[in-house]
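Opening the notebook on this one. I want to go through the metal site and then whatever sits around it.

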Amino acid sequence: MEFPVRCFTCGGVIGHLYEKYKALLKEKNADETFESLGVDRYCCGNHHLSKCC
Ligand SMILES: [Zn+2]
């Protein structure tokens, strides 16, 4: 499955964040990573988590 360009739940654009997310996750925990990316909605973060882990 391809990582979605937009969050299915809120329509926020998240597709461009995934590569950064993977890179940041090597240094930070998930909460800190989302904060760095400006992902403050749980629904958007959830796409990253479900794809990655
Ligand atoms: Zn969302």
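I began with Cys10, in what is a predicted model. Cys10 comes out at 36% relative accessibility, so I put it down as partly exposed, since that class runs between the 20% and 50% cut-offs.

Next I looked up what Cys10 does at the metal. The zinc ion is coordinated through SG atoms of Cys7, Cys10, Cys43 and Cys44, at 2.3 to 2.4 Å. I checked the geometry too: the 4 donor atoms make angles of 94 to 121 degrees, and the site is tetrahedral. Along the sequence I read the donor spacing as C-x2-C-x32-C-C. Cys10 and Cys43 tie distant parts of the chain together: Cys10 sits in the segment before H1, Cys43 in helix H3 (residues 42-52), and 33 residues separate them.

Staying in H3, I went to His47. Is His47 buried or exposed? I get 13% relative accessibility, so His47 counts as buried, the cut-off being under 20%. Leaving out residues up to four places away in sequence, I found His47 touching Phe3, Pro4, Cys7, Phe8 and Ile14.

That led me to the core. The largest nonpolar core has 11 residues, and Phe3, Cys7, Ile14 and Cys44 are among them. Helices H1 (18-24) and H2 (30-37) each give at least two residues to this core, with H1 supplying the largest share, 3 residues.

Last entry: Leu37, another member of that core. With residues up to four places away again left out, I have Leu37 touching Leu17, Lys20, Tyr21 and Leu24.

Notes:
Residues are numbered from 1 along each chain as its sequence is written. This is a predicted model: local features need pLDDT of at least 70, side-chain atom pairs count only at pLDDT 80 or more; totals for chains, interfaces and linings use all residues. Side-chain values use heavy atoms; hydrogens and water are left out. A nonpolar core is a set of buried Ala, Val, Leu, Ile, Met, Phe, Trp, Tyr and Cys residues joined through side-chain atoms within 4.5 Å. Buried means under 20% relative accessible area, exposed over 50%, partly exposed in between (1.4 Å probe, protein chains only). Helices (H or I, at least four residues) and strands (E, at least two) are DSSP runs, numbered from the N terminus. Contact means heavy atoms within 4.5 Å. Donors are N, O and S atoms within 2.8 Å of the metal (3.2 Å for Na, K and Ca); water is not among the atoms, so sites may look incomplete. Four donors count as tetrahedral if all angles lie between 85 and 135 degrees; four count as square planar and six as octahedral if opposite donors are over 155 degrees apart and all others between 65 and 115; anything else is irregular.
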